[in-house]
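Please read this note with the structure open beside you. Each numbered point takes up one part of the fold or a few residues, and the terms are explained where they first appear.

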Amino acid sequence: MTKPSLPDLLHAAVSAVGGTERPGQVAMAEAVAEAIDDNSHRLIQAGTGTGKSLGYLVPALAHGERVVVATATLALQRQLVERDLPRTVEALHPQLRRRPQFAMLKGRSNYLCLHRLHEGAPQDEEDGLFDQLEAAAPTSKLGQDLLRMRDWADETETGDRDDLTPGVSDKAWSQISVSSRECLGATKCAYGAECFAEAARERAKLADVVVTNHALLAIDAIEGAPVLPQHEVLIVDEAHELVSRVTGVATGELTPGQVNRAVKRAAKLVDEKTADALQTASETFERVMELALPGRLEQIPEDLGYALMSLRDSARNVISAIGATRDKSVHDEDAVRKQALAAVESIHGVAERITNGSEYDVVWYERHDRFGATLRVAPLSVSGLLREKLFEDRSVVLTSATLKLGGDFNGVAASLGLSAEGVEGDDVPVWRGLDVGSPFDYPKQGILYVAKHLATPGREGTRGDMMDELAELIEAAGGRTLGLFSSMRGAKAAAEELRGRLDNPILLQGEETLGELIKSFAADPKTCLFGTLSLWQGVDVPGPSCQLVVMDRIPFPRPDDPLMSARQKSVEEHGGNGFMAVAATHAALLMAQGAGRLVRASGDRGVVAVLDPRLATARYGSFLRATLPDFWYTTDRNQARRSLAAIDATAKADGK
C-alpha cells in the first residue's frame with residue numbers, strides 16, 4: 001500500500017476543521033515529519049493564525065508510533081482533545097486506514113479519589129467526610145460543593161476536575177483528591193479497580209497520542225519514576241512557558257502551618273518521644289519564621305540552619321517509626337499512614353535540600369500579609385535538567401508563537417539546555433530552528449506606538465503623564481482596550497483613576513473570574529479590560545472589541561525577585577550579560593505574548609501602545625522590538641490617536 005503523502009493528509013485535516021491551508025502550516029508539518037523521521041529536534045516559531053495544532057498533529061498521527069503532546073494551558077489541552085483530535089482522526093482515517101487513539105493524562109490530584117470520597121480525608125476527627133459537613137450544607141459553600149461533588153461522582157466517566165461544571169475551590173477539591181504520594185496504590189486500595197486516575201493511565205498506555213501538561217512532563221523528568229507511557233516523539237506546545245513550569249515543579253517550600261499539619265497527622269502513628277521531637281522542631285521553626293524578612297538567603301542564618309536540621313532529623317525518625325508500627329485502633333489506617341508519610345516526607349525533603357546546600361539552588365523568604373512567611377528553594381537553572389531528561393531517547397519538537405527573542409532562537413534554546421544552533425558535540429543535542437511566520441500582514445494590520453515623550457517609569461508612585469496618555473488613547477479608540485500592567489497595583493490604580501475620568505466601562509482582573517471578564521470585554525466594544533500576568537497571555541478576542549493593547553511599562557522582573565536576580569548574577573559571574581540573558585529575555589517573552597493579543601484574525605486592525613520611552617531610547621530597545629510582531633512603528637502620539645480614531649470610526653460604520 002502506498003503511504004499517503006503529508007500534503008494530502010494535511011489538506012484532509014484542514015478541510016475537516018473548516019480551515020484554510022497556509023504556507024506556514026505546510027512548512028511546519030514538513031519540519032515536524034523530518035524531525036520524527038531522523039530522530040532530531042526542532043524549535044518552530046509559528047505565529048498566531050498559522051494553525052500550528054494541525055501543523056504538528058497531522059505528522060504525529062501519520063507517524064504511527066506513540067506521541068506525547070504537552071501544553072501549558074488547560075484551554076489548549078481541551079481544544080486538542082475535544083475539537084482538533086477527533087476531527088483530524090476522522091479526516092485521516094480513510095487515507096491512514098486506521099483510526100489513531102488519543103487520550104488526556106494529568107497528575108493524580110486532578111482526578112477524584114473514590115477512596116477519599118467514601119472513606120473521608122484522614123483527620124483528627126474520625127467522622128467521615130460528609131458527616132461533618134452535611135448539616136452545614138445549606139449555609140456553607142464548602143459543604144454545598146462537597147455534596148455536589150458526591151452526586152457528580154456517580155455520573156462522571158472521567159473523574160477529571162475540569163469536567164466538573166461549575167468548578168469548585170482548591171479547598172473543596174482537596175477534600176476528594178490525593179497527591180501521588182498520598183495514594184494507596186491500586187493494588188492496596190478497595191477502590192483500585194474503579195480508580196479514575198488509574199483508568200486515565202491505562203487509556204494513555206493504549207493511545208497513539210497522549211495529551212498532557214508541562215507540569216506532568218516536568219514530574220516525569222524530575223522524579224525518575226515514569227508517569228508518562230513510553231514514547232518516541234515529544235511535542236511541546238506553548239514552549240515559551242516550559243522553563244517556568246519546570247522551575248515551579250522543582251521548587252520546594254516550607255511553612256509553619258504545613259509543618260504543624262504534618263505533626264498532627266504523624267502524632268497518632270508513632271511513639272510519644274518521636275512525636276514530641278518533631279513537635280519541638282516545628283515550634284523552633286515557627287519562631288524563626290516569625291522574624292523572617294523577605295529576600296534571598298545567600299547564606300543560611302544560624303538559627304534557621306539549626307531549625308532545619310532539627311526538622312530534617314526528627315522527620316527522618318518519624319518516617320522510620322511510621323514504617324515500623326501498626327495500630328489497628330486507627331480508622332482506615334493505611335490511608336492515615338500514607339497521608340502522614342507524604343506530609344512528613346515532603347518536610348524532610350525540603351529541609352534536607354536546604355541544609356545540604358547547593359550552589360545550584362536559590363533559597364529565599366517570602367512574606368504574605370495573610371499567610372505569614374514561607375521558605376522557598378528553587379533551582380538556579382533548569383537547563384541542565386532539561387538537556388539531560390528532555391532530549392535523550394526521543395525526538396523533541398518545541399513550538400510557540402514566541403520562540404525567537406531579539407531575532408534568533410538561541411536565547412530560548414540556552415534556557416532549555418541547548419547549545420547555539422549548529423553547534424555539534426558528543427553530549428550536545430543537535431537542533432534546528434524554523435520560523436514559519438504568520439498569515440497576518442502585521443505592517444498593514446497593526447501599529448507599534450512607543451510614547452517616547454513620557455517620563456521614564458520609576459519603581460514607586462503613580463505616573464500622572466502616563467494616566468493622561470492612557471485616557472487619551474482610550475478615548476481615541478472608543479474603548480476597545482486591553483490594558484496590560486506589570487503589577488496588580490498599577491492595574492488597580494489605573495482602573496480607579498480612569499473610572500472617574502472616562503465614560504467607558506473598565507473591567508479589572510480579580511473582580512470576576514477571568515472567563516467572565518473576557519466574555520464581557522468581547523461583548524461590548526466600549527469596554528476596557530485591565531489586568532496583569534494572565535492577561536498578557538490568556539486573552540483571545542478577535543474583532544473590534546480589542547483594537548488597542550496598552551502596556552504600561554516594559555515588564556522586567558522586579559529587582560527584588562530573588563530567583564531572577566540570582567540567575568542574573570550567576571550569568572554575570574560566568575562572564576555573560578546577566579541583564580540581557582535574564583531580565584531582557586523575560587521582558588521580551590512577555591511583550592511578544594502581550595502584543596500578540598492585538599491581531600487574532602485576518603480582519604483585525606489596531607495599535608499596540610507601550611507607555612515606556614525606554615523601548616525607543618534604551619540600547620536594549622531594539623532587542624525587545626525585534627521580538628515583537630513586525631508592526632508599523634511610530635513614536636508620534638498624534639499619528640497613534642488619528643489611527644485609533646479612524647479604526648474606531650470604521651468599526652462603528654460597520655455596526656460594531
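The points below go from the sheets to the helix pairs and then to single residues.

1. This is a predicted model, in which local features need pLDDT of at least 70 and side-chain atom pairs count only at pLDDT 80 or more, while totals for chains, interfaces and linings use all residues. Residues are numbered from 1 along each chain as its sequence is written, and side-chain values use heavy atoms, with hydrogens and water left out.

2. The parallel sheet comes first in this note. It is an open sheet of 7 strands in the order E3-E4-E2-E5-E10-E1-E11, with parallel pairing; helices (H or I, at least four residues) and strands (E, at least two) are DSSP runs numbered from the N terminus, and two strands pair if DSSP finds at least two bridges between them. Strand E3 (102-104) and strand E11 (431-435) are at the edges and have a single partner strand each, so one side of each is left without a neighbour in the sheet. On average, and with direction ignored, neighbouring strands of this sheet are turned by 15 degrees against each other; angles here run from 0 to 180 degrees between N-to-C directions, and axes are lines fitted to C-alpha atoms, for helices over the stretch in contact. Within the sheet, strand E1 (residues 41-45) pairs with strand E10 (residues 395-400) in the parallel sense over 4 bridges, and glutamine 45 has serine 400 in E10 as its bridge partner.

3. A second open sheet has 4 strands in the order E6-E9-E8-E7, and here the pairing is antiparallel. Its edges are strand E6 (252-254) and strand E7 (295-296), each with a single partner strand, so one side of each has no neighbour in the sheet. Strand E8 (residues 361-368) and strand E9 (residues 372-379) are joined in the antiparallel sense over 8 bridges, with tryptophan 364 opposite arginine 376 in E9.

4. Strand E13 (residues 481-484) is worth following residue by residue. In a regular strand the side chains alternate between the two faces of the sheet. In E13, Thr481 and Gly483 point one way and Leu482 and Leu484 the other way, and all are buried (buried means under 20% relative accessible area, exposed over 50%, and partly exposed in between, with a 1.4 Å probe and protein chains only). E13 pairs in the parallel sense with strand E15 (residues 528-531) over 4 bridges, and it also runs parallel to strand E16 (residues 548-551), to which 4 bridges join it. Leucine 484 has glycine 531 of E15 as its bridge partner, whereas threonine 481 has leucine 548 of E16.

5. How do helix H3 (residues 52-63) and helix H4 (residues 74-96) pack, and at what angle? Their axes are 10 Å apart and the angle is about 50 degrees. The two helices are therefore oblique to each other, since angles under 35 degrees count as roughly parallel, over 145 as roughly antiparallel, 65 to 115 as roughly perpendicular and the rest as oblique. The residues in contact (heavy atoms within 4.5 Å) include Leu54, Leu57 and Leu61 of H3 and Leu80, Leu85 and Leu92 of H4. By class, this contact has 12 nonpolar, 3 polar and 1 charged residues, where Ala, Val, Leu, Ile, Met, Phe, Trp, Tyr, Cys and Pro count as nonpolar, Asp, Glu, Lys and Arg as charged, and the others, Gly among them, as polar.

6. H3 also meets helix H2 (residues 23-37), and the axes of H2 and H3 come within 8 Å and cross at roughly 35 degrees. Among the residues making this contact are Met28, Val32 and Ile36 of H2 and Tyr56, Pro59 and His63 of H3, and its make-up by class is 9 nonpolar, 3 polar and 1 charged residues.

7. Two arginines have a positive phi although they are not glycine: phi is near 60 degrees in arginine 97 and near 55 degrees in arginine 480. Are they buried or exposed? Arginine 97, in the loop between H4 and E3, counts as exposed at 63% relative accessibility. Arginine 480, in the loop between helix H19 (464-477) and E13, is buried, with a relative accessible area of 2%.

8. Aspartate 648 belongs to helix H27 (residues 637-653) and counts as buried at 7% relative accessibility. Leaving out residues up to four places away in sequence, aspartate 648 touches Ala476, Ala477, Gly478, Arg480 and Gln547.
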